[in-house]
Amino acid sequence: MRVLFGLILLLLTTKAISDTKPLIIAFEPFPPFITQDKDGLTVDMLRAIEQHSSLRFDIRLMTYARAKHELKHGRIDIAGHTPKNLETAAFYEYALELDWQIQTTSDLFAFDEKFLNIDHIKRKRIGTTSGNADFFAQQLGVEPDIFVEVRTLHQLVDMFIKGRIDVLLFERASVMTLLAEKGVYGIHYQSIGLIPASMAVFKDQSGVALKKQLDGVIKTLDLDAIFSGYLQYIHLPSKGVTSKLHENH
């Protein structure tokens, strides 16, 4: 009887593990943290979490605006990357951020240095990606309708290079990475401040439990090693001009 009971318990445990569905986690492409190929530093962290827990992740790419919408309506488990503790009040009505964060800087980018002064920027001549206008408007003390929002960062960078906008505002490393891939240098940049990036779960009982589990596993990881490739960007001066030297800073 004990052998039979043990066999049944083993089968039930095996079934429970096999039936565990991967957590759906949605990101806006945000190199070097998350790329169009679903690689990157944050993905490295997620894979490390998988190695140290029973958690599994199904990574989806979408705009940040859609990721927030999907989280709000319970169609995904995790949304990222969020500006930790700096999102809108409406966001925190349904979302709960992880304890984990990594310091990033969001920068203004312009071919002409004069446009680093917000007073010189004309309406709809400053661009960012979808879902970020409200947040950046708060940071700059301007109205959100000054921005033109573009679906993807790749599209935004292309628009900037073609001169369809005067200023691009987004996370520094992501923009510099894409500009370097296109061989475009000599761009003036200026930080608007350090903005910690994180991820968020839905704010209910299940979300609280998931946050606790994720935070616990992340604390056991060597995050300095995982994100070491990013330090070259965060340690750059707050204002400067992009060059090939930044790739090996």
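Me: What do buried, exposed and partly exposed mean here?
Reply: Buried means under 20% relative accessible area and exposed means over 50%, with partly exposed in between, computed with a 1.4 Å probe on protein chains only. The model is predicted, so local features need pLDDT of at least 70 and side-chain atom pairs count only at pLDDT 80 or more, whereas totals for chains, interfaces and linings use all residues. Residues are numbered from 1 along each chain as its sequence is written, and side-chain values use heavy atoms, with hydrogens and water left out.

Me: Why is Asp166 called buried?
Reply: Asp166 has a relative accessible area of 18%, and because buried means under 20%, Asp166 is buried.

Me: What makes Arg125 and Asp166 a salt bridge?
Reply: A salt bridge is a side-chain nitrogen of Lys or Arg within 4 Å of a carboxyl oxygen of Asp or Glu, and the closest N and O atoms of Arg125 and Asp166 are 3.0 Å apart, so the pair qualifies. Arg125 lies in the loop between strand 5 and strand 6, and Asp166 in the loop between helix 5 (153-161) and strand 8 (167-171), so the pair ties together parts 41 residues apart in sequence; helices (H or I, at least four residues) and strands (E, at least two) are DSSP runs, numbered from the N terminus.

Me: Why does Arg125 count as partly exposed?
Reply: Its relative accessible area is 26%, which falls between the two cut-offs, so Arg125 is partly exposed.

Me: How do you know that Glu70 is buried?
Reply: Glu70 has a relative accessible area of 12%, and because this is under 20%, Glu70 is buried.
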